Amino acid sequence: MDPTRLPPLIRNRHAAHALRCLSGLAMAQIEAETARLTLAFYCINMLDLLGVLDSKVKESEREDWRQWIWNQQISGVHGAGFRPGPSTAIGGITGNETPNPASHCDQPHLVMTYTALISLSILRDDFGKLDRDGILRCLRAAQKEDGSFTPTPGWGESDVRLVYCAFIISYLLNDWSGFDVPRAIDFVRRCRSYEGGYGQTPGNEAQGGSTYCCVASLALASSTYPEAQLSEAEKERSIRWLTQRQTGGFQGRTEKTQDACYSFWCGAALSILGAGDFVDRKKNSEFLAACQFKFGGIAKFPDETPDPFHSYLSLASLSIYPPDVHEESEDKESWMLPKLDPLVNSRVETAQWAREHVPRKGSVA
Ligand SMILES: [Zn+2]
């Protein structure tokens, strides 16, 4: 493949975008108030990939962030986990006080629990405060009859994103006793379409994000549960469906326009399936370069407004698929990012920290 001529990856501005979004003022303005912890996850993960957490953020500030995340750990009748942010607490509870039963929002939330575990790993926390058993109880309470999970026990839409969260949490805790795993694997398998992609729920059209969640979930469980392993024929079909999504960058579904986040969802799924060589790194990076916003951040398409979700996922894709940048490109080195673990969705070193420090089965609490 010919080297590609790219403008610089404007790393400093992307880091500034992440820091701006993390600042209290911007956080308060974010519409998705119910997902503040997820927003923090994308911003902190972006700073980790850009390698600037130590240089651009003071230790005292990182300590504040750790503390803020721990303040979202709550426990209640259905177990423990992390909530989206303090504003979901009607009546203003903090820390480990009993959640308000009147608020379905102020409950441990599976997505937030996953993003908290990774964010705390990026911040190199020792996880001494983690309510491990409570989290396992929460996973059990959130599983439905059909094997899927609701975001909080007994409430919310269930789809494969939540299955991925339940699986990655179990993987990091090294403990799959929290729920009925074969039933969850069966749910994932029923989301598979005839084309080899996966939908959000059984019978739905295949989509790049849900295909990532399913492929990653099966890979996470496969060493303990042989029924999670895909056959060679199944893998081949999924690889074909995923590679067909690349039209420059990647589209999320057949006939849709390309969108930066699918460079991660489809690209990471291909990497997990051992088919990264099928990705055209040149076209992928050219599209993502065009999505850069001149004042920092990466948007879903060129000339759009950036956000932390698309910014982080674009960097994550570039980390898995570094472009072969032409010698004459200005600031060629800017495109070199540290390696990403596509299953955990963090830097390799951070994923390793999580595996070593999140209290595992059999470890002394
Ligand atoms: Zn997108």
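Contact here means heavy atoms within 4.5 Å. The model is predicted: local features need pLDDT of at least 70, side-chain atom pairs count only at pLDDT 80 or more, and totals for chains, interfaces and linings use all residues. Residues are numbered from 1 along each chain as its sequence is written, and side-chain values use heavy atoms, with hydrogens and water left out.

**Exercise 1.** Place Thr 350 in its helix and list its contacts beyond four places in sequence.

Solution.
- Thr 350 lies in helix α15, residues 348-357. Helices are DSSP runs (H or I, at least four residues) and strands likewise (E, at least two), numbered from the N terminus.
- The relative accessible area of Thr 350 is 0%, so the residue is buried (under 20%; exposed is over 50%, partly exposed in between; 1.4 Å probe, protein chains only).
- Apart from neighbours within four places, Thr 350 contacts Asp 48, Ile 118, Ser 121, Ile 122 and Arg 124.

**Exercise 2.** Describe the surroundings of Ile 118.

Solution.
- Ile 118 belongs to helix α6, residues 110-122.
- Ile 118 is buried, at 0% relative accessibility.
- With residues up to four places away not counted, Ile 118 touches Phe 41, Asn 45, Leu 172, Val 344, Ser 346 and Thr 350.
- Its C-alpha atom is 9.9 Å from that of Arg 347, although the two residues are 229 apart along the chain.

**Exercise 3.** Determine which residues coordinate the zinc ion and classify the arrangement.

Solution.
- Donors are N, O and S atoms within 2.8 Å of the metal (3.2 Å for Na, K and Ca); water is not among the atoms, so sites may look incomplete.
- The zinc ion is coordinated by Asp 259 (OD), listed twice, Cys 261 (SG) and His 310 (NE2), at 2.1 to 2.4 Å.
- Along the chain the donors have the spacing D-x1-C-x48-H.
- The angles subtended by the four donor atoms run from 54 to 116°, so the arrangement is irregular. Four donors are tetrahedral if all angles lie between 85 and 135 degrees; four are square planar and six octahedral if opposite donors are over 155 degrees apart and all others between 65 and 115; anything else is irregular.
- Asp 259 and Cys 261 are both buried.

**Exercise 4.** Identify the residues through which α10 and α12 meet.

Solution.
- Helix α10 covers residues 208-221 and helix α12 residues 261-272.
- On the α10 side, the residues include Gly 208, Tyr 212 and Ala 219.
- On the α12 side, they include Tyr 262, Trp 265 and Ile 272.

Terms used:
Axes fitted to C-alpha atoms, helices over the stretch in contact; angles between N-to-C directions.
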